[in-house]
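Student: I want the reasoning behind the labels, not just the labels. Can we go through some charged pairs?
Tutor: Yes. Here is the structure.

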Amino acid sequence: MPGITFVAPNNIIDIELAKILDVKVIGSHTGVLWEQYDLPVYLYRNKQPLLINFCNVAPLIYKNQIITIHDVAFMVNPSWFNKKFVIFYKFLIPRIAKKAKMILTVSDFSKREIVNYLNVPSNKINVVYNGISNLAIQQFEPNKYGSYILIVGSIDQRKNIHRLIQAFNKVNNNNIKLLIAGDISPIFNNKNNNSLKSNEKIIFLGRVNDEYLATLYTNALLFVYPSLYEGFGIPPLEAMYYNCPTIVADIESLKEICGEASLFVNPYNIDDIAEKIEFLTSDERLRNNLIEKGKENIKKYSWENSANIVAYIIKNLNQ
């Protein structure tokens, strides 16, 4: 791509993608040291070009940059995360937000949160929605689980899996399983994860690859996402893409993103979650209605549109 250079530390995971993007490996460190030392040193030695960051953190000592803040969950409820993560983010994010030329975020909800929590003027923030990836399917695997409800997300308190499990155990249907696709990240406060008591109908799949995830969405009776806080929420849209009806938390970001294409629940009310699951599993007509609305809803979210918006922002910033 003319005018764009992709840079990375030497521990690249996706080698093939790096070759396609002609990624330039710089510096001798990885992680935070690479981001806060190697990257700005490289930029200062190369005429201080505009740096575009898409993943929350960015070099603290560099001003000529556009940063992306997906959400401010670490400020809204620090107890969801481990203490070191919260201390680091509370120190870094407000400072880079004030220094950056422009901030991108993923929803109008997140924009309001950034204004409120980071005291950043709203005209410095642009909303660019996430898109939906077409999860490549080489071959559908046979459904070995029967009829099941699916949730996709990390195993942490914010995703509200604890309440979902309690609600599922109240559902009066012995033929349905609950499949949980996601792993445990060290950035979260995981002290209560041992209390997630599973039975033969609750299956923890761990992290799954994109191909298998697409299969899971396609075969699911319905998708449930009772998250307590989101900046955007990609999994419900992925479920809609694969014609899976969705139940999501009645929170601002998910109402913005899912519109009329989901059934909403109070994420703090276990009985409400259980009742909505029973209601949707027993009503095929409603499931089909949500599937059709989902097909329309996902038309608003494409990576191509998002890329065009970012390109427009960059062009106007440089004028």
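Tutor: Start with a cut-off: buried means under 20% relative accessible area, exposed over 50%, and partly exposed lies in between. Keep in mind that this is a predicted model.

Student: Why is K255 called partly exposed?
Tutor: K255 has a relative accessible area of 43%. The class between under 20% and over 50% is partly exposed, so K255 is partly exposed.

Student: What makes D250 and K255 a salt bridge?
Tutor: The closest N and O atoms of D250 and K255 are 3.5 Å apart. The limit is within 4 Å, so the pair counts as a salt bridge. D250 is partly exposed, at 40%.

Student: How many salt bridges does a search of the whole structure find?
Tutor: The search finds 9. One of them joins R112 and E252.

Student: Why is the contact of R112 and E252 called a salt bridge?
Tutor: Their side chains meet at 2.7 Å, N to O. The cut-off is within 4 Å, so the name applies.

Student: What makes this pair a link between distant parts of the chain?
Tutor: R112 sits in helix α5 and E252 in helix α9, 140 residues apart.

Student: Why is E252 called partly exposed?
Tutor: Its value is 44%. Exposed needs over 50%, buried under 20%, so E252 is in between. R112, at 39%, is partly exposed.

Student: Where do E292 and K295 lie?
Tutor: Both are in helix α11, 3 residues apart, about one turn of the helix. Their closest N and O atoms are 3.3 Å apart. That is within 4 Å, so E292 and K295 form a salt bridge.

How values were computed. Residues numbered from 1 in each chain as written. Predicted model: local features only at pLDDT ≥ 70, side-chain atom pairs only at ≥ 80, totals over all residues. Heavy atoms only, no water. Helix = DSSP H or I, 4+ residues; strand = E, 2+ residues; numbered from the N terminus. Buried < 20%, exposed > 50% of the residue type's maximum accessible area, 1.4 Å probe, protein only.
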